[in-house]
Amino acid sequence: MDMSQYKALFLSESREYLRTIAEQVVALEQSPGERSAVDALFRGAHSLKGMAASMEYGDVVVVAHSMEDLMARVRDGAVPFIADVADLLLEGVDLIDVLLQDVEQERPSTLPTGDYAQRLAIYTPAPPKAPPAVPKAGSADHAEPQGPAATNAVPAPHSATSSAAADAAPPAAAEAEKAKEPAGEAGGTVRVKTELLDHLINLTGELVTNKQRLLTIAGELASPPLNDAISETAKLLRSLHDEVMKVRLMPFEAISDRFQRSVRSVAKKSGKEILFELTGREIGLDRGMLEQLVDPLNHILRNAVDHGIEESGERERAGKPARGTVCLAVTRDRDRIQITVRDDGRGMEPATMIAAAVAKGILTPEEGELLSPRQALMLSCIPGFSTAKEVTDLSGRGVGMDAVNAAIQKLGGTLGIESEPGVGTTITLRLPLTIAIIHALVVQVGQVKAAIPVNAVQRTVELSRRQIETMGKRQIFQLDGEAIPLLSLNRVLGLPLGRFPDGILPLFVTEARGRRVGIVVDRLLGQHELFVKQLGRPLSKLAGVAGGATLGDGEIVAILDLAGLL
């Protein structure tokens, strides 16, 4: 029977199992007594093995069987679920992941399974730790019991070859069917290729563009019946857009296992005890956005563990639990997504941030005095800024946060930092639900029009020349008691400077490098709903341009990425 037609389905379901297994391993390490998690982990490995066997992918069968065998020993109480077991299982997850990539690429295995199966088969937990070399006086005979599992005799090592071979043969069809049970395929659902979803969103986007064109024509004709018809069409189009976007959404858990493992890895390497909490894994995000959130979130989490959380001894001296907590929470409010990373570590001191910025020549002392605590914390998003006393190979507070901020702004989102010394730090990312169709402020600069995602626009202002002040070499104006520097978008883009014969300068206020700045343009043309199209090469390499869109009058505008531009 030709099974190749089922390869895509096999890969999709296998990766779901792998993600679940990785999550369960990390969760079990924090709560080893969770029997249901042990059972789920066993079932996951068993199901994966059955699916691979039905497809005749022998290497995957061997690895999955070894994992299943080890979990069976854990389930039976012969082996305690300790860090060594977690390491072996995660190694198996990585191994199968590579094997699946080979299957997908239709190439020979690039990563031999080696002695993995044998190591799991003969795995024996390390004996309980010996009493300290220098025991306390009078307490030498009071060593802590290590738990029954550690002292239980481990069954005679399994023969890797015999055990694996016993199950390596393709299982019966019934087992393959059983393998699909935990996949969570509810009745009435189907798997759809992502290319089809992308095509649907493209068609919807084109309809949005055409709607804008019809609105423009209707405005020129001043026809009430036409306006009514377009208005009804716009409502239907909005409903269609919402439904298509729901299909395109993927749960956050599609990437969350990477964060669990990242935190675990950094904690292990830095010798810290970390409790990692994740909530909102079921929240759906745009598929394209999910892929671009992995690196920024990994960076924030690594910073939180490596530099935010203190050593256990330091925490205890400060009256905190020895084990630090890092929380990753995802919430949704209508068409907005909020992702929060919170730690209960040492926090950041705004005055220290300002002093470091002044010492590095980023700010003058006078400019430092004008910063609010929130603005001072945002200094960490300036390239090269850091207050870390030492740079480790894991991370450095502030090092790379500029890239994180730029990535979030490119997605049309914002980044905020709150911190209290001794209490902890919270980093909040606010993102649109989708990055395909956005609301943008369209502006005129010289002979061209440009669009700025409204998420990046704090306010629009029409400024009289009398309101402009000079501070040093900069022109500023006062807004809400804060001195806002002015910057010409024409100058940034290398276009002729605008002239304002009526003495009124149109501008919008945004945030760049932790500070609010007023961007002067020639005209503010209003807010538009735009279908964003990615640019091909070489335009995609242009700094400060996030994509392109077509206005209702057919004119093409560039979507500006202010973080990359300023």
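The following dialogue examines how several descriptions of this predicted model are justified.

Trainee: How many helices and strands does the protein chain have?

Mentor: The protein chain has 19 helices and 18 strands. Of its 566 residues, 46% count as buried. Among contacts between residues at least 6 apart in sequence, 70% join residues at least 24 apart.

Trainee: Why is H3 called roughly antiparallel to H4?

Mentor: The axes of helix H3 (residues 58-75) and helix H4 (residues 83-105) cross at roughly 160° and come within 10 Å. Angles over 145 degrees count as roughly antiparallel, and H3 and H4 are therefore placed in that class. The crossing of H3 past H4 is left-handed.

Trainee: Which residues of H3 and H4 meet?

Mentor: From H3, the participants include Val60, Val63, Met67, Leu70 and Val74, and from H4 they include Val85, Leu88, Leu95, Ile96 and Leu99. By class, the contact of H3 with H4 comprises 14 nonpolar residues, one polar and one charged. Asp59 is one of the H3 residues in this contact, and Asp counts as charged. Gly92 takes part on the H4 side, and Gly is counted as polar.

Trainee: What makes H1 roughly antiparallel to H4?

Mentor: Helix H1 (residues 7-30) packs against H4 at an angle of about 165°, with the axes 10 Å apart. The cut-off for roughly antiparallel is an angle over 145 degrees, so H1 is roughly antiparallel to H4. H1 also passes H4 in a left-handed crossing. Among the residues that meet are Phe10, Leu11, Leu18 and Ile21 of H1, with Leu89, Leu90, Val93 and Ile96 of H4. The contact of H1 with H4 has 14 nonpolar, two polar and five charged residues.

Trainee: Why is H4 described as oblique to H11?

Mentor: The axes of H4 and helix H11 (residues 253-270) cross at roughly 130° and come within 13 Å. Roughly antiparallel requires over 145 degrees, roughly perpendicular covers 65 to 115, and roughly parallel is under 35. The crossing angle of H4 and H11, roughly 130°, falls in none of these ranges, so H4 is oblique to H11. The crossing is left-handed. H4 contributes Ala83, Ala86, Asp87, Leu90, Val93 and Asp94, while H11 contributes Arg261, Arg264 and Lys268. This contact of H4 with H11 has four nonpolar, no polar and five charged residues.

Trainee: What makes S2 and S6 the edges of the open sheet?

Mentor: Five strands form the open sheet in the order S2-S4-S5-S7-S6, with mixed pairing. Strand S2 (274-279) and strand S6 (414-420) each have a single partner strand, so one side of each lacks a neighbour in the sheet. From one strand to the next, the twist averages 10°.

Trainee: How do you know that the pairing is mixed?

Mentor: S2 and S4 pair in the parallel sense over six bridges, with Cys327 in S4 as the bridge partner of Glu277. Strand S4 (residues 324-333) and strand S5 (residues 336-343), by contrast, pair in the antiparallel sense over eight bridges. Val326 has Asp343 in S5 as its bridge partner, and Ala329 stands opposite Thr340 in S5. S4 and S5 form a hairpin with two residues between them. Arg334, in the turn, has a positive phi of about 55°. Both senses occur, and the pairing of the sheet is accordingly mixed.

Trainee: Why is S4 called largely enclosed by the rest of the structure?

Mentor: Seven of the 10 residues of S4 are buried, so the strand is largely enclosed.

Trainee: What makes Thr426 count as buried?

Mentor: Its relative accessibility is 15%. Buried means under 20%, so Thr426 qualifies as buried. Thr426 lies in strand S7. Beyond residues up to four places away in sequence, Thr426 touches Thr340, Val341, Arg342, Gly416, Ile417 and Glu418. The C-alpha atoms of Thr426 and Asp343 are separated by 6.6 Å, although the two residues are 83 residues apart along the chain.

Trainee: Which helix lies across S6 and S7?

Mentor: Helix H17 (residues 401-410) lies across S6 and strand S7 (424-432), and runs at about 135° to S6.

Technical notes: Residues numbered from 1 in each chain as written. Predicted model: local features only at pLDDT ≥ 70, side-chain atom pairs only at ≥ 80, totals over all residues. Heavy atoms only, no water. Pairing = 2+ DSSP bridges. Helix = DSSP H or I, 4+ residues; strand = E, 2+ residues; numbered from the N terminus. Axes fitted to C-alpha atoms, helices over the stretch in contact; angles between N-to-C directions. Contact = heavy atoms within 4.5 Å. Buried < 20%, exposed > 50% of the residue type's maximum accessible area, 1.4 Å probe, protein only. Left-handed = near helix turned anticlockwise from the far one by under 90°.
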